[in-house]
Amino acid sequence: MSATSVAAVARFLKAGEAATQAFASQSGTTQDISADVALKAALDAYAIPSAFRHTGGGCTARYISIGPDSPRPEHQQYIAITDDASVDHPVAHHSGWFAMRYGPEFDGYADNDLYCRKSPLTNPTLADMAHDSASCARAIRDWFDGSATQWIRNEVTLDGIAGPYRCQTRPEHWDGYCAPRFTRTIMRKICADTQDAHRAGQWNAPAHFEGDTVVIVTPHGRTEVLPDQDSHYRPGAFHWPWTEYTHRDTAHVNELLRAVRWNYEHEADSWTVLAADHGWRVKVIDVLPTPSPQKAPHVADALYNTLHQAALTSYQVTANGPGDAAAAVRAHFATTRADRDPDATAVIFDLPGTHLPAPHP
């Protein structure tokens with residue numbers, strides 16, 4: 001592990017510990033707690049200044065101002081980080097942090113997701129919420145610190161636009177979405193496709209190049225995307241909703257997930273990452289608690305059979321949460337499939353239920 005990675009892991013552990021202590025000092029139970037306290041502790045551990053605000057309707061948020069010294073001037077705005085309701089509420093009602101970037105004035109009221117976990121937590125603990133707070137803080141830190149970000153080869157698609165497009169993504173995704181970056185050649189293709197879709201009345205945010213800058217024109221104005229330090233363009237979560245691409249049919253798996261989610265006995269701290277193995281990359285379909293083979297064998301068997309029939313796979317990972325488990329699978333592909341040719345015939349290497357080592361926090 002590099003010195004940068006070690007420092008990042010240490011900082012994340014510090015953020016998680018700070019949030020846990022903040023929760024524990026506030027309440028000895030998990031009944032009614034102020035989630036804002038833990039979020040502030042996590043942000044402080046990352047040295048990210050924030051300010052408490054009421055956002056209306058009984059909701060609260062922490063605002064982060066990206067100042068003039070930011071290396072990415074298009075992000076010199078506010079990010080609101082809020083939980084789902086009022087300051088104090090039952091922990092079971094907490095739905096994860098929702099980080100949102102408010103675009104520049106010429107972008108109107110754009111609300112672009114940065115870190116989002118809206119799914120209600122089931123049987124949450126102080127550790128779950130502390131980890132969520134730290135993950136939110138890390139997502140913010142990583143996005144604005146490109147040098148600390150690990151980029152992985154991937155292929156993504158955009159609803160309503162032709163694709164897929166070769167790219168690089170970060171291991172962390174949120175609510176099914178990712179923040180890719182593209183070479184100039186691929187970015188030109190994306191711009192052309194958005195213009196074609198716009199002319200066909202299927203897209204309201206076409207893009208074009210002006211010199212080295214990509215300009216995205218929206219109904220509220222225009223947004224400029226400059227190349228990063230590696231000459232890649234990031235029209236990511238702040239602009240368009242990108243998702244990992246797969247041509248595999250996942251309908252039966254999704255139907256099974258809707259039927260069994262959370263309603264079974266599962267292994268402690270173990271997550272099963274459902275995925276489509278494309279040889280050189282992976283499409284993460286979903287993450288769920290690993291069914292106990294002793295107490296829920298019917299779920300484990302049904303999951304294995306459904307995945308096998310659909311030519312899909314799964315990975316079992318011990319992790320703090322579903323986000324870390326999914327990131328571990330993407331990192332597994334980045335290291336073990338780095339020499340695979342993206343244009344070669346896809347070969348499925350792993351059967352459902354493959355065990356992976358626990359990821360770093």
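In this predicted model, Tyr233 is buried, with a relative accessible area of 1%. Tyr233 lies in the loop between strand 12 (221-225) and strand 13. Its ring pairs with that of Phe209 in an edge-to-face arrangement, with 5.3 Å from centre to centre and 80 degrees between the planes. Phe209 belongs to strand 10 (residues 207-210), so that the contact links distant parts of the chain, the two residues being 24 apart. Phe209 also counts as buried, at 16% relative accessibility, because the cut-off for a buried residue is under 20% relative accessible area. A further contact of Phe209 involves a charged side chain: the charged end of Arg188 sits over the Phe209 ring, 4.3 Å from the ring centre.

The pair formed by Phe209 and Tyr233 is one of four aromatic pairs counted in the model. Another joins Tyr165 to Trp242, again edge-to-face, with a centre-to-centre distance of 6.0 Å and an angle of 85 degrees between the planes. Tyr165 is located in strand 9 (residues 165-169) and Trp242 in strand 13 (residues 242-244). These residues are 77 apart, and their pair links distant parts of the chain. Both partners are buried: the relative accessible area is 3% for Tyr165 and 0% for Trp242. Tyr165 and Trp242 also belong to a cluster linked by ring pairs, in which the other member is Phe182.

Strand pairing was examined around strand 16. Strand 16 (residues 313-318) pairs with strand 14 (residues 266-277) in the antiparallel sense, over six bridges. Within this pairing, Thr272 has Gln316 of strand 16 as its bridge partner. Strand 16 is also joined to strand 17 (residues 354-355), here by two bridges and with the strands running parallel. Gln316 takes part in this pairing as well, its bridge partner in strand 17 being His355. Gln316 is thus bridged to Thr272 and to His355. Between strand 16 and strand 17 the chain passes through helix 7 (residues 322-336), and the resulting β-α-β crossover is left-handed.

Methods:
Residues are numbered from 1 along each chain as its sequence is written. This is a predicted model: local features need pLDDT of at least 70, side-chain atom pairs count only at pLDDT 80 or more; totals for chains, interfaces and linings use all residues. Side-chain values use heavy atoms; hydrogens and water are left out. Rings of Phe, Tyr and Trp (its six-membered ring) pair if their centres lie within 6.5 Å; planes under 30 degrees apart count as stacked, over 60 as edge-to-face and the rest as tilted. Helices (H or I, at least four residues) and strands (E, at least two) are DSSP runs, numbered from the N terminus. Buried means under 20% relative accessible area, exposed over 50%, partly exposed in between (1.4 Å probe, protein chains only). A charge sits over a ring if NZ of Lys or CZ of Arg is within 6 Å of the ring centre and within 35 degrees of the ring normal. Two strands pair if DSSP finds at least two bridges between them. A crossover is right-handed if, with the strands pointing away from the viewer, the path from the first strand over the helix to the second runs clockwise.
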